[in-house]
Amino acid sequence: MNPWIEKSIELANTENYLDRLHQVYPVQQEGRRSLPPELKTELAAIYDSGNDLALVKRLLGLRKEFRFPIKDPYVAFLGKNPKFCELNPSTIARVAQTIRALGFDGMIASLEEPIEFNRQIGALFKKWIARIGYRVLPEEDFQTASGIAFLQGSNGELKNFVNKKLRCRLQKGPDFVAKVQKKSSMQYIIGEAKFITEFGGHQNAQFEDAMRLLADNTGNAERIAILDGVVWIRDSTKMYRRVCSLEKPALSALLLKEFLEESLKSLP
């Protein structure tokens, strides 16, 4: 078993693990988010026009800032490319009908609901990285920085960097890109950061994201998984058995600083 996995299991099954983890992933009771008046006016005009395609496409375009007003398993696919909306009129009509059943005020109320905690995890991890004192730098500064630094950017920008500069051939952007450098010797580290709050469904998909990253050795970067939550509970679940069998580093976010400092010390 990788020693970082052993350390993480021990840490998670001792006192104050969740208390300390709250520093990384604080649960904040956010209030409702208000749509700007001009956006409400725009949505009202589209809603009243009866144009289902225009309504669904506009609501899909708001997903980065606001919740989609209904839960539907087809929405994520439709949101990948505007052409999918035009190619699937029956699905658009069905989704729009469900939205219209809420009424306009109900649709707005649903849009303004707080973002679910699981969708905040990536942003919370990045904020914590900066809060504990690590530099998060734009690409030019990142490449010349010594010591320990993280690359600033969206998931797409991180993907472009690791594929072009490090030849990693990732299909999606990693949650973070770090570098440890001592004089002329350096090591790039890429990873996924996941807080697995329960077993099944979306949480299993998050775990699989981390496993896919570790499964490949392509490129000039060390690959690690930052995992927290139920994955470290000593039991016989498939997730626990699988993480215990990993050879590459998987560790709690609470051990990341120690991992990075040891990586820096190990450089010649």
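Cys168 makes a good place to start: with a relative accessibility of 0%, this residue counts as buried. Cys244, at 15% relative accessibility, falls in the buried class as well, because buried means under 20% relative accessible area. If you are wondering about cross-links, the structure holds 0 disulfides. Please keep in mind throughout that this is a predicted model.

**The chain as a whole**

Let us step back for the overall picture. The chain has 268 residues, and 44% of them count as buried. Its secondary structure comes to 14 helices and 6 strands. Along the principal axes, the C-alpha trace spans about 65 × 45 × 35 Å. Among contacts with a separation of 6 or more, 66% come from residues 24 or more positions apart.

One pair of residues gives a feel for distances in the model. Glu10 and Asn160 are 150 residues apart along the chain, and 36 Å separates their C-alpha atoms. Glu10 belongs to helix α1, which covers residues 3-12. With 43% relative accessibility, Glu10 counts as partly exposed.

**The sheet**

How are the 6 strands ordered in the sheet? They follow the order β1-β2-β3-β4-β5-β6, forming an open sheet with mixed pairing. The edges are taken by β1 (135-137) and β6 (250-251); each has a single partner strand, so one side of each is left without a neighbour in the sheet. Helix α9, made of residues 121-131, packs on this sheet and touches β1, β2 (147-151), β3 (176-182), β4 and β5. The direction of α9 makes about 135° with that of β4.

Strands of a sheet can pair either parallel or antiparallel, through backbone hydrogen bonds. Strand β4 takes part in both kinds of pairing here. With β3 it runs antiparallel, joined by 7 bridges, while with β5 (residues 222-229) strand β4 (residues 185-196) pairs in the parallel sense over 8 bridges. The hairpin of β3 and β4 has 2 residues between the strands, and Lys183 in this hairpin takes a positive phi near 55°.

Some of the bridge partners are set out here.

| Residue | Partner | Strand of the partner |
|---|---|---|
| Phe176 | Gly191 | β4 |
| Gly191 | Ile224 | β5 |
| Lys194 | Leu227 | β5 |
| Phe195 | Asp228 | β5 |

Gly191 links both sides of the picture: this residue is the bridge partner of Phe176, and its own partner in β5 is Ile224.

Are these two strands covered or open? Strand β4 is mostly covered, with 10 of its 12 residues buried. In β5, 7 of the 8 residues are buried, so this strand is largely enclosed by the rest of the structure.

**A pair of helices**

Now for a helix-helix contact. Two packed helices are described by the angle between their axes and the distance between the axes. Helix α4 (residues 52-60) and helix α7 (residues 89-100) pack at an angle of about 75°, and their axes lie 9 Å apart. The two helices α4 and α7 are therefore roughly perpendicular to each other, a class that takes in angles of 65 to 115 degrees.

Which residues of α4 and α7 meet? From α4 come Asp52, Leu53, Leu55, Val56 and Leu59, and from α7 come Ile92, Ala93, Val95, Ala96, Ile99 and Arg100. Sorted by class, this contact has 9 nonpolar, no polar and 2 charged residues.

Technical notes:
Residues are numbered from 1 along each chain as its sequence is written. This is a predicted model: local features need pLDDT of at least 70, side-chain atom pairs count only at pLDDT 80 or more; totals for chains, interfaces and linings use all residues. Side-chain values use heavy atoms; hydrogens and water are left out. Two strands pair if DSSP finds at least two bridges between them. Helices (H or I, at least four residues) and strands (E, at least two) are DSSP runs, numbered from the N terminus. Contact means heavy atoms within 4.5 Å. Axes are lines fitted to C-alpha atoms, for helices over the stretch in contact, and angles run from 0 to 180 degrees between N-to-C directions. Angles under 35 degrees count as roughly parallel, over 145 as roughly antiparallel, 65 to 115 as roughly perpendicular and the rest as oblique. Ala, Val, Leu, Ile, Met, Phe, Trp, Tyr, Cys and Pro count as nonpolar, Asp, Glu, Lys and Arg as charged, and the others, Gly among them, as polar. A disulfide is a pair of cysteine sulfur atoms within 2.5 Å. Buried means under 20% relative accessible area, exposed over 50%, partly exposed in between (1.4 Å probe, protein chains only).
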